[in-house]
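Visitor: Please take me through this structure one question at a time, with the reasoning behind each reply.

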Amino acid sequence: MTASPKVGLFITCLADLFRPSVGFAAVKLMRDAGCTVEVPRAQTCCGQPAYNSGDRKDTRAIAEQVIAAFEDFDYVVAPSGSCTGMISKHYPELFEEGSQWRLRAEALSAKTHELVSFLVDVLKIDHVEAQFDGTVTYHDSCSGLRELGIKQQPRQLLGSVKGLTLQEMEEAEICCGFGGTFCVKYSDISNEMVSHKTECIGAANADTLLAGDLGCLLNMAGKLKRQGSNVQVRHVAEVLAGMTDLPPIGEEH
Amino acid sequence: MNDVRNKSIAARSEIFSDLKRNLDIGDEKAREKRVRERLSNPPRNLIPERANIPHSEQIALFREQIEAVSATVEQVAAAADVPAALASFLRDNNLPSRLRLGSDEALNALPWNKTPNVDVQTGRAVPEDAVSLSRAFKAVAETGTLILLSGADNPTTLNFLPDTHIVVVSAKDVVGTYEEAWTHLRETQGKGSMPRALNMISGPSRTADVEQTIQLGAHGPRQQHIIIVDDL
Amino acid sequence: MEIRSPQFKNNAREALVDENLQSALGKMRTGFTSKRAEARARLPEFDDLRDQARDIKDHTLAHLDLYYEAYEEKVTAAGGHVHWARTAGDARDIILQICQDENAKLVTKGKSMIAEEVALNDHLEEAGMEVAETDLGEYIIQLRQEPPSHIIAPAVHLTRSQVEKSFRKSHTHLADDRNLDEVSSLVNEARQVLRQKYIDADVGITGANFLIAETGTSIIVTNEGNGDLTQTLPRVHIVLTSLEKMVPTLEDVSTILRVLARSATGQEFSTYTTLSTGPRREDDPDGPEEYHVVVLDNGRSAMIGSEFQDMLRCIRCGACINHCPVYHAIGGHSYGWVYPGPMGSVLTPTLVGIDKAGHLPNASTFCGRCEAVCPMRIPLPKMMRHWREREFERHLTPKLSRTALGFWAFLAKRPALYHLSNSVLVRLLRVLAFGRGAIGSLPLASGWTRHRDLPAPERNTFQELWRSGGYE
């Protein structure tokens, strides 16, 4: 590893649009760990909406764009397990074996990491300097958990946040019902799933819900809000970076 | 039947030609060799370590496993002790003292004259039979599973029709794994040959089809009792 | 069986408000999953066994023609008959013919999903035979004239009191004051009624979990023992099975059996695993005098070599269904055909067509729990995505989604334009939030706002802020 690894932040379309503070929290965490962080302008989205709708052609075009924009960095880091999984697990499969694009996709895949896993597994960070007075519960987002094996990393770092108590919920590993376009295409089923999730969140008696993926967070925050719940919702990076002075997701700024 | 028969023959050749077309056949001779070798000399796959223990512990493991699925087990020292053990089991469980068993030599050679109250009948089970007695070919420790073979010695109906099934197994027939049982099976039946029915049984019949509540005695025996005989 | 998959959304909507169903589903949400997890924890080699099970099945599929040749030879040598059926209709005809040759009046059946797939019961009943399902769950749904809602627990959608009602309606011999409050009394009642059926039956039909090439053997795995009574007592035993059930040897099936029950119900081993080879032997006092195996293709041979070949590894344990949060929400009937849940979402389109079953592979969040628990390591989400690709290529995707996706992709491929439109969108959304932190109703995103608020964005996009030096 070079003295100051050069990291390309894949901001993700949802953080770009809804929650820039997640991006700044990610930048702070990585800079504190000694990284140089840049944000290529030529990025839009990882392409999952097209990929999961069966549109291979557009997916490939978007993937090529991401590969070209990020391949010069030492690492590519995204504050999302879902987008990271797309780049690291699915991009290579989009291209024919042995083709130039396949090789470039594989090279990118090898250096792409989800934010918290990057901090813990790659940079070997075992604690953060942050304070958060409250009880939090953590939802394991599906792609991060099952595609990337992210489970203990966020808990380890949260354990080092002063004043923070982690209260696990039941069925933390069960899908919240977001699923990208699923939540609008099958909104009734999605609603049943997120309702079950908010029940589990409520039963955990935490005052803040954390997770590592904005899709899930917007879904759960939107449901909690509709139900009149007092549980606040934040991306885990905000708490780890000590950037919690901004209002939580779904509260007025 | 002819029409259906012909259709089946046509279907067979269509299916085989589809398979051959869709499969990545490559070197046909090599494929055939791989299949021939696997069938004539079946390789063992990964075998769990659980039952890789001394024989006495295998017996204990077998007991533990099958008792966990509601079978009852007792161990006696000698074949001569079996009738008395049986008689007291029947008495303790308020069961009729009539017993159905096949022509198994070892079972028929037991000293039944010591328990004149027990009425022993031979042959396949009939619906009226309440209690049956079989001898297991093997007992597999890893999951607490009895292996019984069909035939005149231990007819299959004994395993399923009566409410209570009692199984005698020789301690030396307790093995660790299924694979060990298959090795013995090939020795007794010949390679590639099977009895008409081979029953692997772990405990009495059960169902969980109503609200996932486990209920014993769905269709087969409500009760399974096993007598392990040290010297049979 | 009528295909109700095109009405998936309606089926699901009805299921979500069905109180009995929701109560029954609530009970299965954690039961199966914790039992599987415990079984896995008890066996350290479990995940390695899954790898081997996958490899065994891949090897078998790659040599399927040869293993079938070996198998057929063994069955014939043991005095049995192998019949081949290209389609569901062919399988029905073969079985009907065997039953008619036997002059059958009463046919008993063990649980067989292939029999559901070919809609066997109706066919035999139309020919004047009585067909008695003997698996308790199958028996219950036969009384109710319903299809199964789960491949290993056909009546999992019902509550005890619904079962009681069905029994009282059909078992007219029951006295009004006969107490059926307990599950045990229901099981006993079914046991008594079915006992006589086993004895009176002319033909017994079972499925097969596996076929063994080495020995010409068919295997059934049950807990109730109904399959054994079904196949042992009548004069004729018919095994209805499908092309992918083959395994080479006893050793190979042992490996797969080690993961089957543990994945399905969390049992160490099912109560009854029965290996059948041919009809009654010369010195056999019991067992069927005729033994027929009907091997169904129904599109499976075409899956070999396709992107759906991995699905042929499926051993029908139901683990993917037991762990599926979508299934937990809507139950099995919503899927509209024989196979529900993730495995059905891959298999059903191959059997009834993606034009009819298009909703199934789409109604998934790709949460990946199915793949994570599949004992045969079938990449179910990946194959659902393959179906979405086929749909997209054939222009079966709904027009509105396709247009919206096209518009989005146009922007996503043009970063400058994309950032500009995002800047506009942020401002628009903030207007619609009316100064609140969340939007309660959004005309073009009613699928979202019908059930939940949409958190409002911050004032600027990240890209805007980053270029202008942050929040300052």
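**Strands, sheets and helix contacts**

Visitor: Which residue in β6(C) does C:Ile212 stand opposite?

Guide: This is a predicted model, where local features need pLDDT of at least 70, side-chain atom pairs count only at pLDDT 80 or more, and totals for chains, interfaces and linings use all residues. Residues are numbered from 1 along each chain as its sequence is written, while chains are lettered from A and ligands numbered from 1 in the order in which they are written. Strand β5 (residues 210–212) of chain C pairs with β6(C) in the antiparallel sense over three bridges, where pairing requires at least two DSSP bridges, and where helices (H or I, at least four residues) and strands (E, at least two) are DSSP runs numbered from the N terminus. Within this ladder, the residue of β6(C) opposite C:Ile212 is C:Thr217.

Visitor: Which residue takes a positive phi in the hairpin of β5(C) and β6(C)?

Guide: Four residues lie between the two strands of this hairpin. With a phi near 70°, the residue concerned is C:Gly216.

Visitor: How many residues of strand β6(C) are buried?

Guide: A residue is buried if 20 or more other C-beta atoms lie within 10 Å of its own, exposed if 12 or fewer and partly exposed in between, with C-beta atoms placed from the backbone. Both faces of β6(C) are covered, with C:Thr217, C:Ile219 and C:Val221 buried on one side and C:Ser218, C:Ile220 and C:Thr222 buried on the other. Strand β6(C) (residues 217–222) is therefore largely enclosed by the rest of the structure, its buried residues numbering six of the six.

Visitor: What is the bridge partner of C:Val221 in β9(C)?

Guide: Besides its hairpin partner, β6(C) has strand β9 (residues 272–276) of chain C, to which it pairs in the antiparallel sense over five bridges. In that strand, the partner of C:Val221 is C:Thr273.

Visitor: Which residue of β9(C) is the bridge partner of B:Met200?

Guide: β9(C) also pairs across the chain boundary, since the record of bridges is not confined to one chain: β9(B) and β9(C) pair in the antiparallel sense over five bridges. The β9(C) residue bridged to B:Met200 is C:Thr273.

Visitor: Which element gives the most to the side of chain B that touches chain C?

Guide: Counting residues as in contact when their C-beta atoms, placed from the backbone, lie within 7 Å, the contact takes 66 residues from chain B and 81 residues from chain C. Several elements of chain B each supply at least two residues, including α2 (28–40), α7 (178–189) and β9 (197–201). By class, the chain B side divides into 26 nonpolar, 23 polar and 17 charged residues, where Ala, Val, Leu, Ile, Met, Phe, Trp, Tyr, Cys and Pro count as nonpolar, Asp, Glu, Lys and Arg as charged, and the others, Gly among them, as polar. With 12 residues, the element that gives the most is α1(B).

Visitor: At what angle do α1(B) and α5(C) pack?

Guide: In this pair, B:Val4, B:Lys7, B:Ser8 and B:Ala11 meet C:Asp90, C:Asp93, C:Ile94 and C:Gln97, a contact of three nonpolar, two polar and three charged residues. Axes are lines fitted to C-alpha atoms, for helices over the stretch in contact, and angles run from 0 to 180 degrees between N-to-C directions. Helix α1 (residues 2–22) of chain B and helix α5 (residues 88–101) of chain C have their axes 10 Å apart, and their angle is about 140°.

Visitor: What strand order does the open sheet of six strands in chain B have?

Guide: The pairing in this sheet is parallel, and the edge strands, each pairing on one side only, are β1 (72–78) and β3 (119–122) of chain B. Neighbouring strands are turned by 25° against each other on average, direction ignored. At one edge, strand β2 (residues 98–101) of chain B pairs with β3(B) over four bridges, with B:Leu101 bridged to B:Thr122. The order is β1-β12-β7-β4-β2-β3.

Visitor: How many residues of α11(A) and α12(A) in contact are charged?

Guide: Helix α11 (residues 187–203) and helix α12 (residues 214–226) of chain A pack at about 75°, with their axes 10 Å apart. That makes α11(A) roughly perpendicular to α12(A), since 65 to 115 degrees counts as roughly perpendicular, under 35 as roughly parallel, over 145 as roughly antiparallel and the rest as oblique. Alongside four nonpolar and three polar residues, the charged ones number two.

Methods. Contact = placed C-beta atoms within 7 Å.
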